[in-house]
Each structure stands twice: as C-alpha cells, then as structure tokens.
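How is a chain folded around its ligand, and how do its strands and helices sit together? Take a look at the sequence and the structure before reading on.

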Amino acid sequence: MYNIFITINYLIVMYRMTKVLDLSNDVVVETIDVHKVYRLGRIEIHALRGVSLQVRKGEFISIMGPSGSGKTTLLNIIGTLDKPTKGKVYLDGEDITALSDKKLTQIRRKKIGFVFQFHNLIPVLTAIENVELPMVIAGVPREERKKRALHLLKLVGLEDRVNHRPSELSGGEQQRVAIARALANNPSIILADEPTGELDTENSKMVMKIFREAISEEGATSIVVTHNPIVASLTDRILQLRDGKIVKEEKPAEFQLPYIKKES
Ligand code: ADP
Ligand code: MG
C-alpha cells in the first residue's frame with residue numbers, strides 16, 4: 001500500500017515537472033536586458049535601454065510606441081538583422097546573439113517571417129510566385145510549394161488574385177500577399193514592422209483581422225510593431241515602448257482607444 005502511495009506521488013511530481021518543462025519550451029522569443037547603442041562619430045544613441053520580454057507559442061502581440069522609441073531596432077534584433085550591444089536574445093531556446101553570420105542567415109530563412117511597411121514584394125513576380133519564393137530558397141519541391149502557396153493565398157482571401165502582379169493589387173491585397181509569404185516556410189515567429197502603415201483605417205482593420213486569423217489557423221506566433229491603437233487593439237497583448245524601454249503591458253480590453261468610436 002505504502003509503495004503504491006510513493007509511486008503515485010512520484011508520478012504526480014514527474015507530471016508536474018513535464019508541465020514546467022513544457023511551459024519553458026513554449027517560449028518562442030525571449031530577450032533579456034537588451035541594449036542597443038548606435039555610434040555616429042562621437043555621438044551615442046541609446047536606441048534600447050534594457051528590454052526584457054517573452055513571447056509564447058501562438059501569441060499575437062504588439063509593440064507600440066512613438067516614433068524613435070526603438071520599435072524597429074528591437075524587431076530587427078529579434079529578427080537577427082541587427083545585434084544587441086548588450087543582452088541576450090533567444091529564439092526557440094537558442095541564443096542567437098552568439099551565432100555566426102552563416103548560421104544567422106539559415107535561421108532567418110527557416111525560422112523568421114518578415115512583413116514590412118512597404119510590402120517588399122517582387123514586382124515582376126505574380127502573387128503566387130512571391131509566396132513561393134521563400135520556399136524556392138528553402139528547396140521545397142515545386143508541387144509542394146505550389147500547393148502551400150495556394151493554400152496560404154486562400155487563407156488571406158486572395159484565391160482569385162494568384163496570378164496578379166503587385167502593381168495589379170490594392171495596398172491591402174499586397175500586404176495580404178506579404179503575410180502569406182511570411183507564413184510560407186512555417187516560421188517560428190513572424191515579425192511585422194508597421195504592416196498597415198500605408199493603409200487607411202478600414203483597410204488596416206481588415207488586414208489585421210486576416211493576419212490574426214491566418215496566424216491562428218497556421219498555429220504561428222507574431223510580433224507586430226505599430227503606432228496605430230486600432231491595430232494594437234486587435235492583438236493579444238500590447239507592450240508599450242518609450243525611449244528604448246518597455247514601460248507598460250496591457251491587454252486590449254484594458255486598452256483605451258483614444259479617439260475611435262466602438263463599432264456596434
Ligand atoms: P522606431 O522604429 O520606434 O521609430 P527606431 O528603432 O527606428 O525607432 O530608432 C530608435 C532610435 O535609434 C532613434 O533615435 C533612431 O534615430 C536611432 N537609430 C535607429 N537606427 C539607427 C542607425 N542605424 N544608426 C544610428 N541611429 C539609429
Ligand atoms: Mg520604426
């Protein structure tokens with residue numbers, strides 16, 4: 001009897017341990033005390049002053065802040081496009097601040113999807129070819145990548161625009177292609193820098209809703225940088241950045257939309 005009791009207790013402890021381990025595996029991105037100093041001649045610009053954050057699998061978070069607060073710098077550091085002056089960045093548990101440029105290029109291709117303010121689609125390629133491009137680089141066989149590109153374009157509601165070139169698409173449609181492209185290689189994280197910066201309010205909302213749905217449908221994770229409160233209110237969690245520091249964390253429900261009337 002006593003033995004059974006010990007065994008059950010042992011199993012409970014083991015189960016809890018796996019839970020704890022699971023939880024830590026759940027973190028896709030972690031930054032610890034990240035600083036960035038740019039040096040322009042004798043002038044030093046402290047773009048980031050100790051940013052620590054965690055993003056868990058499946059989360060869709062936003063980083064808000066005024067122009068110059070360090071949003072792009074932070075996103076570029078998480079996206080391996082830039083290196084911190086001090087601090088650590090973990091992607092899927094791996095410290096990416098200590099890797100060679102060759103390894104970083106591989107990580108960027110495999111694990112990170114980017115969406116920029118100006119969509120950066122290739123003008124001479126059609127929508128489907130643009131979505132296929134990251135898969136071409138990753139060596140995905142032709143049939144498979146056509147199938148996946150079509151699936152992703154359907155996901156963002158562009159199944160009837162697959163053969164259009166970027167110039168034949170509206171701004172919102174171009175950003176939806178960019179979102180599909182960012183999802184192509186099943187990245188660990190999608191980083192979007194002002195993805196709706198060039199769109200009007202209605203299109204911003206529409207693109208964000210489609211973005212959100214695509215992320216959850218694909219089981220992806222994303223960080224969106226924006227200074228638009230409507231865009232931020234459509235994410236799970238809002239981090240406020242001021243002068244290179246996170247000063248506040250909010251849930252959209254707590255978040256006061258300053259000048260927008262709620263739709264009924
Ligand atoms: P945000 O995206 O929030 O507008 P940034 O991250 O672009 O802010 O910039 C943060 C600060 O760092 C700003 O003061 C900006 O001028 C400066 N900065 C950004 N990139 C560079 C760079 N490559 N060289 C020098 N200063 C930079
Ligand atoms: Mg910026």
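## Pairing in the four-stranded sheet

Two strands pair if DSSP finds at least two bridges between them. In this predicted model, β1 and β2 pass that test with eleven bridges, in the antiparallel sense. One of these bridges links Thr31 to Leu53 in β2. The two strands form a hairpin with two residues between them. Gly41 sits in the turn and has a positive phi of about 60°.

β1 also pairs with β4, again antiparallel, over five bridges. There, His35 has Lys86 of β4 as its bridge partner. β4 (residues 86-91) goes on to pair with β5 over two bridges, in the antiparallel sense. Leu91 is matched with Glu94 in β5.

Put together, the four strands form an open sheet in the order β2-β1-β4-β5, with antiparallel pairing. Which strands stand at the edges? They are β2 and β5 (94-95), each with a single partner strand, so one side of each has no neighbour in the sheet.

## The six-stranded sheet

A further open sheet has six strands, in the order β6-β7-β8-β3-β9-β10. Its pairing is mixed. Here β6 (112-115) and β10 (245-250) take the edge positions. Each has a single partner strand, so one side of each is left without a neighbour in the sheet. Neighbouring strands are turned by 20° against each other on average, direction ignored.

Strand β9 (residues 237-242) is joined to β10 by five bridges, and the two run antiparallel. Ile238 stands opposite Glu250 in β10.

Some background applies to both sheets. Strands of a sheet pair through backbone hydrogen bonds, either parallel or antiparallel.

## A helix that meets both sheets

Helix α2 lies across strands from each sheet. In the six-stranded one, α2 lies across β3 (60-64), β7 (189-193), β8 (222-226) and β9. Its direction is at about 160° to β8. In the four-stranded one, α2 lies across β1, β2 and β4. There, α2 runs at about 120° to β1.

## Around the ligand

What surrounds ligand 1? The residues are Tyr38, Leu40, Ile45, Ala47, Gly65, Ser67, Gly68, Ser69, Gly70, Lys71, Thr72 and Thr73. By class, four are nonpolar, seven are polar and one is charged.

Three elements supply at least two residues each to this shell: β1 (27-40), β2 (43-56) and α2 (71-78). The largest share, three residues, comes from α2. So the helix that lies across β1 and β2 also helps to line the ligand.

## Two helices side by side

Helix α6 (residues 171-183) packs against helix α7 (residues 201-217). How are they oriented, and how far apart are their axes? The angle is about 20°, and the axes are 10 Å apart. An angle under 35 degrees counts as roughly parallel, and therefore α6 and α7 are roughly parallel to each other. Their crossing is right-handed.

From α6, the contact is made by Gly171, Gly172, Gln175, Arg176, Ile179 and Leu183. From α7, Asn203, Met206, Val207, Ile210, Phe211 and Ala214 take part. The contact has seven nonpolar, four polar and one charged residues.

Technical notes:
Residues are numbered from 1 along each chain as its sequence is written. Chains are lettered from A and ligands numbered from 1 in the order in which they are written. This is a predicted model: local features need pLDDT of at least 70, side-chain atom pairs count only at pLDDT 80 or more; totals for chains, interfaces and linings use all residues. A residue is near a molecule or strand if its C-beta atom, placed from the backbone, lies within 6 Å of it. Ala, Val, Leu, Ile, Met, Phe, Trp, Tyr, Cys and Pro count as nonpolar, Asp, Glu, Lys and Arg as charged, and the others, Gly among them, as polar. Axes are lines fitted to C-alpha atoms, for helices over the stretch in contact, and angles run from 0 to 180 degrees between N-to-C directions. Angles under 35 degrees count as roughly parallel, over 145 as roughly antiparallel, 65 to 115 as roughly perpendicular and the rest as oblique. A crossing is left-handed if the near helix is turned anticlockwise from the far one by less than a right angle, and right-handed if clockwise. Two residues are in contact if their C-beta atoms, placed from the backbone, lie within 7 Å.
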